[in-house]
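Please open the model in a viewer and keep the sequence panel visible beside it. The tour below proceeds selection by selection.

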Amino acid sequence: MPKTVVIPPGTGKPLAPYVPGTLADGVLYVSGTLPLDAEANVVHVGDASAQTRHVLETIKGVVTAAGGTMDDVTFNHIFLKDWADYAAINAVYAEYFPNEKPARYCIQCGLVKPDALIEIASVAHLGKAA
């Protein structure tokens, strides 16, 4: 099956061998997204709300670059460092999904960057290409 790599303008170098998004058969898979700047430094250290907003804006950029909107997101995989941040993360998350919510799961775990409080990977259904 043909696939299209999705790399929004201004995307920094990834931490590992992956791309921000891959579009195949109308489905966009967005890689796990950490709160990183273009040089792979964690932003908003200690602020779960700001890190969540940064992550969701980054995901929004991938979805938009693929021709979709956040309303096309159907599933989110959420990884958080500390359950104490759960309410703050959900408050920001709700701003990005005000209507029909995507399915999701949320687990607590260690993240690849110690100062990162959240990571989200997403799936969006954009429809089949012509």
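Helices (H or I, at least four residues) and strands (E, at least two) are DSSP runs, numbered from the N terminus. The model is predicted: local features need pLDDT of at least 70, side-chain atom pairs count only at pLDDT 80 or more, and totals for chains, interfaces and linings use all residues. Residues are numbered from 1 along each chain as its sequence is written, and side-chain values use heavy atoms, with hydrogens and water left out.

**Stop 1: the start of the chain**

Select Pro2, which belongs to the segment before β1 (3-6). Pro2 counts as exposed because its relative accessibility is 71%; the classes are buried, under 20% relative accessible area, exposed, over 50%, and partly exposed in between (1.4 Å probe, protein chains only). Beyond residues up to four places away in sequence, Pro2 touches Leu23, Ala24 and Asp25, where contact means heavy atoms within 4.5 Å. Add Cys106 to the selection: 104 residues separate Pro2 and Cys106 in sequence, and their C-alpha atoms are 31 Å apart.

**Stop 2: two residues with positive phi**

Move to Asp25, a contact of Pro2, in the loop between β2 (21-24) and β3. Asp25 is not a glycine, yet its phi is positive, at about 55°. Its relative accessibility of 41% makes Asp25 partly exposed.

Next select Ala40, in the loop between β3 and α1. Ala40 also has a positive phi, about 70°, without being a glycine. Ala40 is buried, with a relative accessible area of 13%.

**Stop 3: Thr33 and the largest pocket**

Select Thr33 in strand β3 (residues 27-33). Is Thr33 buried or exposed? Thr33 is buried, because its relative accessible area is 8%. A polar atom of the Thr33 side chain lies 2.8 Å from the backbone oxygen of Ser31. With neighbours within four places in sequence left aside, Thr33 is in contact with Val55, Thr58, Ile59, Ile118, Glu119 and Ile120.

Now display the largest pocket, which has a volume of about 430 Å³. Thr33 is among the residues closest to its centre, together with Thr11, Gly12, Leu36 and Thr58, out of 23 that line the pocket. Two elements, β3 and α1 (48-65), give two or more residues to this lining, and α1 supplies the largest share, 5 residues. By class, the lining has 11 nonpolar, 9 polar and 3 charged residues.

The pocket terms are as follows. On a 1 Å grid over the protein atoms alone, a pocket is an open set of points, where a 1.4 Å probe fits, with protein on both sides within 12 Å along at least five of seven lines; lining residues have an atom within 4 Å of a point. Grid points are joined across faces, edges and corners, and a volume is the space filled by probe spheres set on the points. Ala, Val, Leu, Ile, Met, Phe, Trp, Tyr, Cys and Pro count as nonpolar, Asp, Glu, Lys and Arg as charged, and the others, Gly among them, as polar.

**Stop 4: the nonpolar cores**

A nonpolar core is a set of buried Ala, Val, Leu, Ile, Met, Phe, Trp, Tyr and Cys residues joined through side-chain atoms within 4.5 Å. Select Leu28, Leu56, Ile59, Met70, Phe97 and Ile120, which have the most contacts inside the largest core, a set of 24 residues. At least two residues of this core come from each of β3, α1, β4 (73-80), α2 (86-96) and β6 (118-125). The greatest contribution, 6 residues, is that of α1. A second, separate core has 6 residues, including Leu34, Leu36, Val42 and Ala116.

Centre the view on Leu28. Residues up to four places away in sequence not counted, its contacts include Val6, Leu23, Val62, Ala66 and Ser122.

**Stop 5: Ser122 and Leu111**

Continue to Ser122, in strand β6, which is buried at a relative accessible area of 2%. Its side chain makes a polar contact with that of Asn76 at 2.5 Å (a pair of N or O atoms within 3.5 Å; within protein, one must be able to donate a hydrogen and the other to accept it, and residues adjacent in sequence count only if both atoms are side-chain atoms).

Finish at Leu111, in the loop between β5 (103-108) and β6. Leu111 is buried, with a relative accessible area of 15%. Leu111 and Phe79 are 32 residues apart in sequence, with a C-alpha to C-alpha distance of 7.9 Å.
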